[in-house]
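Visitor: Could you take me closely through one part of this predicted model, and then set that part in the context of the whole chain? I would like the reasoning spelled out with care.

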Amino acid sequence: MYNNLDDLSPEHEEELNLLETHISELFTRLEKSEIQIELLKDENFQLKAQIQKLQQQSKQAQYKSPRAETIRIPKDIIPTVSSSDTNVRQNKRKCPNCGASGFSIKEVDDKTRIITYVPRKIYMKKKVCTKCRFEF
Ligand SMILES: [Zn+2]
């Protein structure tokens, strides 16, 4: 066995140098990519935080929107429908025989007069005066 380092041929020495520079190049590349990884980790962290913020904002928006809609709708509809309907019914409720009206008049089905069998049996309505038993 003999000492290799002293007996290296110029070609081998050159190759060795080349390999050494190549190795150091690889190390600097590795360092750069490690720095890049750290930067990307930071960016990823910031993006995740941003996503959480946006998700919370969209949740709050979802809670807010249906409330505003449900309050407004019923106000316009209710008064017009109910008042006119009850007025007509109360006017008709008056006994032509004794003149009693309101709660004295009962509306019942006239079982002798059937309007339709489909989809279910519907009878003509008749009114009965509870004071004089007059039917009309
Ligand atoms: Zn009556």
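Guide: Phe 27 is a good place to begin: its relative accessible area is 54%, and because the threshold for an exposed residue is over 50%, Phe 27 counts as exposed. The residue belongs to helix α1, which runs over residues 10-92, and together with Ile 23 and Leu 30 it makes a nonpolar surface patch of about 310 Å².

Turning to the chain around this patch, one helix and two strands are present, and their order along the sequence is α-β-β. Of the 136 residues, 7% are buried, while the chain exposes about 13200 Å², of which carbon and sulfur atoms supply 56%. Among the contacts with a separation of 6 or more, 35% involve residues that stand 24 or more positions apart.

Confidence has to be weighed alongside these values, for the chain has a mean pLDDT of 81, with 74% of its residues reaching 70 or more. Over residues 77-90, however, the pLDDT is below 50, and this stretch has zero contacts in the model beyond near neighbours in sequence. Where pLDDT is low, the predicted coordinates should not be read in detail.

The charged pairs give a further view of the structure, which holds five salt bridges. One of them joins the side chains of Glu 107 and Lys 127, with an N to O distance of 3.6 Å; since Glu 107 lies in strand β1 (residues 105-116) and Lys 127 in strand β2 (residues 122-129), the pair ties together parts that are 20 residues apart in sequence. The two partners differ in their cover, as Glu 107 is partly exposed at a relative accessible area of 40%, whereas Lys 127 is buried at 17%.

Another salt bridge brings together the side chains of Asp 110 and Arg 113, at 2.9 Å from N to O. Here the acidic residue, Asp 110, is the buried one, with a relative accessible area of 7%, and Arg 113 is partly exposed at 42%. A further pair is formed by Glu 135 and Lys 126, whose closest N and O atoms are 3.2 Å apart; in this case Glu 135 is partly exposed, with a relative accessible area of 46%, and Lys 126, at 17% relative accessibility, counts as buried.

Technical notes: Residues numbered from 1 in each chain as written. Predicted model: local features only at pLDDT ≥ 70, side-chain atom pairs only at ≥ 80, totals over all residues. Heavy atoms only, no water. Patch = residues over 30% accessible without salt bridge, like charges linked within 9 Å, V, L, I, M, F, W, Y side chains within 5 Å. Areas by Shrake-Rupley, 256 points an atom, 1.4 Å probe, with all protein chains shown as cover. Salt bridge = Lys/Arg side-chain N within 4 Å of Asp/Glu carboxyl O. Helix = DSSP H or I, 4+ residues; strand = E, 2+ residues; numbered from the N terminus. Buried < 20%, exposed > 50% of the residue type's maximum accessible area, 1.4 Å probe, protein only. Contact = heavy atoms within 4.5 Å. pLDDT = per-residue confidence, 0-100.
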